[in-house]
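Welcome! Let us take a walk through this protein together, from the overall picture to a few individual residues.

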Amino acid sequence: MIQPDKHLNVAIVGGGPGCKAIMDMIFAKKLLQLQMKLVGVADSSAGAVGCLLAQDKGIFTTQDYRELYEIEDLHMIIELTGREEVANEIYRTKPEHIRVMDHVAARLFWDVFRIEEQSLAERERAETALRESEAKYSTSVENSLTGIYIDQGGKIVFANKKFAAIYEYARDELIGMDTRELVHPEDRGLTDEMREKRLKGEDVPSEYEARGLKKSGKTVWIARRNAAIEYKGKPAILGNIVDITDRKQAEGALRESEERYQTVLEASPDPVVVYDQGGESIYINPAFTRVFGWTSEERLGKKLDYVPEENWPETELMIEKVKTGESFSGIESRRYNKEGDTLDVSISAATYVNRRGKPVGSVHILRDISDQKLVEDALRESEERYRTVLEASPDPIVVYDMKGKCIYVNPAFTGLFGWTPEELLGKKLDYVPEENWPETEMMIEKIKAGESFSGVETRRYDKDRKALDVSISASIYLNREETPVGSVHVIRDITEQKRVEKALKKARQELEIRVEERTAELREANERLQQEMAERERAQEEILKSKTMLQSVFDGISDPLIMLDTDLTVKMLNTPAANYYEVKPEDVIGKSCHQAFRGRQEPCEECHIPAAVLRAKSVTLERKGLMNPDRLEQVVIYPIKEKDSEVSSAIIYISDITETRFMERQLIRSEKLASLGLLVSGVAHEINNPLAIINEKAGLMKDILGFATEGFEHKEKFLSLLDSIFTSVDRSRVITRRLLGFAKAVDVKMETIDMNQLLEEVLGFLDKEAFHRKLNVNLDFSPDLGALESDRGQLQQVFLNIIKNAFEVMDDGGHLSIVTRLADSDNLQVTITDDGRGMSPEQVENIFEPFYTSGKASGTGLGLFITHGIVTKNLGGEIAVQSEEGKGTTFAIELPKKKE
């Protein structure tokens with residue numbers, strides 16, 4: 001308390017016009033009854049009118065209000081800025097002995113003393129002046145944008161229009177009402193405490209928040225600013241209120257947003273770590289604990305200490321990027337987990353800022369790519385395997401880029417042509433004889449157009465400029481983006497074949513000479529026969545008889561036969577030919593073959609008959625059936641010569657060779673499978689031998705460590721490493737067992753399996769790829785499948801191969817459907833359908849062949865071959881495929897519920 005004979009030392013914060021008005025009153029000695037003395041003024045602007053007046057009067061001024069606290073015997077601070085943050089900061093930082101009058105109380109203070117000043121100056125007109133003052137005060141209060149009330153003795157004795165509107169009461173209903181009725185029951189204790197302390201003169205915040213109750217019972221959030229006053233000679237509380245319900249709702253929405261983002265982080269499948277600016281972790285999500293093993297309690301407040309030494313270079317780069325406010329994505333590195341194992345990870349990070357835009361930390365997202373690395377290693381192994389196949393090929397192979405430069409030749413190429421890889425790589429091959437450029441240019445154009453070709457015969461020089469007869473087959477190859485990047489050319493030396501053909505040609509020519517000589521002899525005999533006129537009639541009868549017999553033989557041949565003139569006019573055809581073309585002999589004899597059989601006025605462009613007649617040589621060719629394109633026909637053209645050795649007609653012989661060619665392909669496939677099985681079996685057995693030795697030696701080491709004393713500090717570490725060796729050996733044995741299964745039937749490990757659950761496990765291996773490529777996987781699982789007795793591992797391999805192939809041929813955002821159904825009481829069926837690019841009939845026919853790919857797939861061509869063997873041979877089921885180019889593919893697998 002201020003002693004009666006002492007001054008009330010006052011400092012003002014806010015040097016505006018209000019400050020100057022109060023200073024004028026003090027200097028005019030209009031506040032003598034308060035014994036008030038101004039000792040300091042603070043304003044952020046040194047040129048404020050209040051500061052300039054104080055400087056003229058020799059009063060202390062400052063731009064930092066906290067320097068006022070150092071004034072000796074300062075009793076009160078009058079806050080005139082009207083800014084809530086300034087008032088709150090003063091309440092928080094001021095010494096305990098200093099009181100604070102906020103700008104609302106100061107304004108009331110100002111009004112009260114103006115009234116008193118007018119009363120003293122014009123005592124004779126006191127009542128009139130008082131009414132005018134009250135009218136001004138009432139107008140100001142009534143038009144205030146805040147609710148104003150006076151609480152005296154716990155009752156409302158005054159309330160303005162805004163106050164009544166906030167609580168939805170009429171003003172006369174409020175007068176005399178207990179103030180606690182306007183407070184939410186849960187906040188009445190707070191408002192009572194603040195009221196009692198304020199009336200006692202204790203130091204309490206001038207502003208606080210509490211919930212109120214409207215007349216309707218609806219809750220409203222109120223910001224209160226109160227001051228203790230004297231009203232009609234008694235203590236009272238002057239209050240200002242503002243409805244902050246909308247602000248509170250916005251804050252609630254903000255909290256919900258923060259909780260939502262927290263939920264996203266918690267649900268993230270990838271580990272997330274948040275660091276402060278000092279590099280200490282302040283948050284980790286559950287995925288981090290799941291992948292790395294550490295809990296939040298073990299990691300929070302710690303810096304990076306799980307980085308392998310060799311991975312610090314890229315880690316320091318990431319730290320520098322984050323410090324400079326940069327973000328980065330997909331940097332590959334490695335990190336230890338809690339067990340000390342090293343994981344391959346991909347890291348993305350970005351800084352985050354506070355509301356003022358200042359960086360306060362960084363968010364790091366880590367993705368475990370260990371499985372991806374394993375796949376990449378497998379890919380490299382696959383590439384090495386293909387390279388081995390190329391190196392072992394007996395035919396020369398050369399690979400060109402799209403500019404025609406050589407980028408690979410195999411040993412067989414060097415063996416045949418003489419050039420080494422060092423002499424050719426990066427260069428264009430100059431080994432085409434001048435006369436062989438036409439067919440070579442044709443091959444180049446096909447490759448540029450993305451076409452393949454096979455068996456084109458030409459010639460090539462070797463290193464010694466010796467011309468060799470060769471047969472060339474080629475195809476383009478694509479990168480992962482399906483873009484052509486080069487072509488592979490397989491060359492076969494056919495020099496010996498050409499030599500044999502030349503010898504056969506010579507022999508045929510000698511034979512023709514003999515035939516011609518014999519023909520001359522027959523001609524002489526015929527002349528002699530003609531001279532024997534007596535025998536002419538008998539000869540004619542013999543010829544007629546021969547013709548009849550020839551016609552009988554002609555009609556007795558079961559395959560179609562047609563005789564044509566040199567101008568392609570039909571002379572004869574047997575009954576099978578008429579049936580084949582569905583014509584009557586009398587309707588076609590005398591007509592050209594293209595008009596009689598094809599309804600054309602001009603000869604067929606692809607017709608080989610004129611060339612055969614012109615060369616007087618027989619021609620054999622294969623074609624799709626004219627009447628049934630699904631059949632394969634062999635057509636043989638035999639020119640017929642007359643006495644003068646000129647061709648007079650030709651016999652066309654047509655035979656169906658569909659079954660013959662099918663049997664030949666089956667025989668070739670069986671031979672390929674036998675050779676491939678022998679190779680795989682040998683490799684698997686060779687690998688199993690060192691695996692057995694490794695397993696035996698590791699077991700011996702574990703036994704020896706079992707006798708080691710407890711003083712051997714690395715004993716547990718060695719035992720852990722040995723267990724890793726055993727695990728790797730078992731994994732390798734599984735791989736070799738699958739290789740043996742590729743060559744021959746393996747033992748099937750039968751167990752009870754839930755097919756729907758097994759399919760979900762397989763999809764779990766591929767869910768990351770499906771997520772990132774936005775692939776839609778639709779599951780239609782029958783709940784009535786029942787148990788399946790089969791081999792879990794082989795079933796997983798089957799469905800993993802098929803689903804992985806489907807993903808490869810689907811565009812991002814594609815759809816995959818998996819359906820399970822009961823085929824009958826003893827069999828169940830799984831159908832897998834994708835909307836990828838589909839396959840041609842030729843691809844569908846060969847899809848289960850070993851090493852066969854569509855030309856766009858990235859696999860080895862063994863996956864579906866192994867899948868077919870597992871389903872049909874090992875598990876006793878059936879697998880079928882349906883596909884159409886541009887319309888997707890469906891695989892249907894039917895399996896017995898219990899293998900016999």
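Helices (H or I, at least four residues) and strands (E, at least two) are runs assigned by DSSP and numbered from the N terminus. Residues are numbered from 1 along each chain as its sequence is written, and side-chain values use heavy atoms, with hydrogens and water left out. Please keep in mind that this is a predicted model, in which local features need pLDDT of at least 70 and side-chain atom pairs count only at pLDDT 80 or more, while totals for chains, interfaces and linings use all residues.

Let us begin with the whole chain. The protein chain holds 28 helices and 32 strands. Of its 900 residues, 36% are buried, where buried means under 20% relative accessible area, exposed means over 50%, and partly exposed lies in between (1.4 Å probe, protein chains only). The accessible surface of the chain comes to about 53,900 Å², and carbon and sulfur atoms account for 52% of that surface. Such areas come from the Shrake-Rupley method with a 1.4 Å probe, and for residues only the protein chains shown count as cover. Two residues are in contact when they have heavy atoms within 4.5 Å. Among the contacts with a separation of 6 or more, 51% are between residues 24 or more positions apart.

Now for some single residues. Ala54 sits in helix α2, which covers residues 49–56. Is Ala54 buried or exposed? Ala54 counts as buried because its relative accessibility is 0%. Setting aside neighbours within four places in sequence, Ala54 is in contact with Met23, Val41, Ile59 and Thr61. From Ala54 to Gly15 there are 39 residues in sequence, and their C-alpha atoms are 9.2 Å apart in space.

Moving along the chain, we meet Asn226 in strand β9 (residues 219–231). Asn226 has a relative accessible area of 7%, so this residue is buried. Which residues is Asn226 in contact with, leaving aside its neighbours within four places in sequence? They are Tyr149, Arg198, Ser206, Tyr208, Ile237, Leu238, Gly239 and Asn240.

Further on, Asn827 belongs to strand β30, residues 827–834. With a relative accessible area of 18%, Asn827 is buried. Beyond the neighbours within four places in sequence, the contacts of Asn827 are Leu822, Glu894, Leu895, Pro896 and Lys897. The C-alpha atom of Asn827 is also 9.9 Å from that of Lys899, a residue 72 positions away along the chain.

Charged side chains come next. Side chains of opposite charge can pair when their charged atoms come close. Here a salt bridge is a side-chain nitrogen of Lys or Arg within 4 Å of a carboxyl oxygen of Asp or Glu. By this rule the count comes to 37 salt bridges.

One of them joins Arg367 and Asp270, whose closest N and O atoms are 2.5 Å apart. Arg367 lies in strand β15 (residues 359–368) and Asp270 in the loop between α9 (245–267) and β11 (272–276), so the pair ties together parts that are 97 residues apart in sequence. Arg367 is partly exposed at 27% relative accessible area, whereas Asp270, at 8%, counts as buried.

Another salt bridge links Arg773 to Asp812, with 2.8 Å between the closest N and O atoms. Because Arg773 is in the loop between α25 (755–772) and β27 (776–780) and Asp812 is in the loop between α26 (792–809) and β29 (815–824), this pair ties together parts 39 residues apart in sequence. Arg773 counts as buried at 18% relative accessibility, while Asp812 counts as exposed at 59%.

Strands β29 and β27 have a salt bridge of their own, between Arg821 and Asp780 (2.7 Å, N to O). Arg821 is in β29 and Asp780 in β27, so the pair ties together parts that are 41 residues apart in sequence. Arg821 counts as partly exposed at 35% relative accessibility, and Asp780 is partly exposed with a relative accessible area of 35%. Salt bridges that share partners also join Glu769, Arg773, Lys804 and Asp812 into one network.

Finally, take a look at the surface. Lys403, Lys405, Lys428 and Lys448 gather there in a patch of positive charge. Patches are made of residues with over 30% relative accessible area and no salt bridge, with like charges joined within 9 Å and nonpolar side chains (Val, Leu, Ile, Met, Phe, Trp, Tyr) within 5 Å. Lys and Arg count as positive and Asp and Glu as negative, while His and the chain ends are not counted. The place of a charge is taken as NZ of Lys, CZ of Arg, CG of Asp or CD of Glu. Within this patch, Lys448 is part of helix α16 (residues 437–448), and its relative accessibility of 62% makes Lys448 exposed.
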